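Colleague: Please take a close look at one part of this model, the annotated binding site. I would like to know where its residues sit and what surrounds them.

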Amino acid sequence: MTREKTTFTPLRSVLYMPSSNERALEKAKSLACDGLILDLEDAVAPDAKPPAREAAAAAAASGDYGRRTVAIRVNGIGTEWHDDDIVAASQAGPAAIVVPKVGSAAEVQQLVAAMEQAGAPDHTRLWAMIETPGAILDVLAIAHASERLGAFVLGTNDLVKELYAEHVPGRAPILPSLHTVLLAGRAAGIAVIDGVYNDVKDTEGFLAECDQGRQMGFDGKTLIHPGQVEGANAAFAPSDQAVEDARGLIAAFEDGRGAGVVTYNGKMVENLHVESARRTLDIHEAIQAL
Ligand SMILES: CC(C)(COP(=O)(O)OP(=O)(O)OC[C@H]1O[C@@H](n2cnc3c(N)ncnc32)[C@H](O)[C@@H]1OP(=O)(O)O)[C@@H](O)C(=O)NCCC(=O)NCCSC(=O)C[C@H](O)C(=O)O
Ligand SMILES: [Mg+2]
């Protein structure tokens, strides 16, 4: 039996960098991250925003970042920089425009209209940051608001702030929110990328949070430092054991010659497990092809 092959764009490691930081923009050309977010929002001081906007647009249009998915994060709706950011980013044509603090389906539609009016090419997706209580409560409508929506990006710092919660190991205070965003993203068939880990020196805590994100179902994690790339790439790629198990499980099912259920390594295997195994192999192959 043949099947249509799914094309995956790996987004295991998506690194933010201030677009005002020339050194970081240069360094990113040699980093093994799957994606880059050239930031114009939180990481850029008000006076530096206009030159950062120019630098981000030039970097995104340069083609210098090879196979990496390049995105520009604009300033939020209603800020004094937002409209100019949208125009510059749309004309640069990155893989995605990341908009912080998206709050409703209507905002998604307004953003898409503004991108299209500014000449955004078809390949430029909108990535909506979900980081406010209102957005979490409206996230399913946001997920279905436009075909141009390509991903949700969690903003866990803003979310913790807005909830008056605390950053704790295991993230118990925000788990319901994270799961809600994942449910909506999966229902709409878009990518869902986890939030950042702020302590760039705490490797153990960072890796634990990557593992947690993968177990929950995130496609990858947003990062703030080059030292976090390798760990995220490993955590969000299928392990050698997972690839071996996927191949063995598919072979066992195919050997069953049409039986609806077989066992592999003592465990029940049905068609749904085969679909998951095929997805694992598709992700593995996409990563191998990088
Ligand atoms: C966190 C940092 C300010 C630390 O910077 P620094 O002390 O300079 O780090 P290092 O000296 O260890 O840097 C080593 C080299 O790596 C380059 N570098 C550092 N960070 C980056 C980066 N993000 N991308 C690319 N390159 C980077 C340095 O230039 C050094 O290079 P070299 O000298 O050539 O060896 C800094 O890491 C940083 O600014 N990080 C990004 C911060 C950011 O973008 N924040 C905004 C996004 S997070 C957010 O907003 C979350 C969300 O909205 C929410 O609500 O949660
Ligand atoms: Mg934020």
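Modeller: UniProt, in an unreviewed entry, places the feature "binding site" at R73 and E131. The two positions are spread over 59 residues of sequence, yet they cluster in space, with a largest C-alpha distance of 14.1 Å. The model is a predicted one, and what follows describes that prediction.

R73 lies in strand β3, which covers residues 69–73. R73 counts as buried because 28 C-beta neighbours fall inside 10 Å, where 20 or more are required. Not counting residues up to four places away in sequence, R73 touches I37, L38, D39, L40 and E41, and also V98 and P100.

E131 is placed in a loop, the one between β5 (125–130) and α5 (133–137). E131 is also buried, because 24 other C-beta atoms lie within 10 Å and the cut-off is 20 or more. With neighbours within four places in sequence left aside, the contacts of E131 are P100, K101, L154, G155, D158 and L159. P100 is thus listed both for R73 and for E131.

The surroundings of ligand 1 can be read next to this. The ligand is surrounded by 23 residues, and the closest are M17, A24, A43, G155 and N157. Three elements give two or more residues to this shell: β1 (13–18), α1 (22–27) and α7 (156–163). The largest share, four residues, comes from β1. By residue class, the shell around ligand 1 holds 12 nonpolar, five polar and six charged residues. G155, one of the closest residues to ligand 1, is also among the contacts of E131.

As for the wider setting, UniProt lists residues 12–226 for "domain: HpcH/HpaI aldolase/citrate lyase", again in an unreviewed entry. Over residues 12–226 the chain is 42% helix and 19% strand, and the end C-alpha atoms of that stretch are 13 Å apart. The domain assignment of the chain gives domain 1 as 13–235 and domain 2 as 240–288. The C-alpha centres of domain 1 and domain 2 lie 33 Å apart.

To return to the annotated site: R73 is in strand β3, E131 is in the loop between β5 and α5, and R73 and E131 are each buried.

Definitions and conventions: Residues numbered from 1 in each chain as written. Chains lettered and ligands numbered in written order. Predicted model: local features only at pLDDT ≥ 70, side-chain atom pairs only at ≥ 80, totals over all residues. Near = placed C-beta within 6 Å. Nonpolar A, V, L, I, M, F, W, Y, C, P; charged D, E, K, R; others polar. UniProt positions renumbered as here; feature names shortened; annotations may be inferred. Buried ≥ 20, exposed ≤ 12 C-beta atoms within 10 Å, placed from the backbone. Contact = placed C-beta atoms within 7 Å. Domains from an automatic or database assignment.
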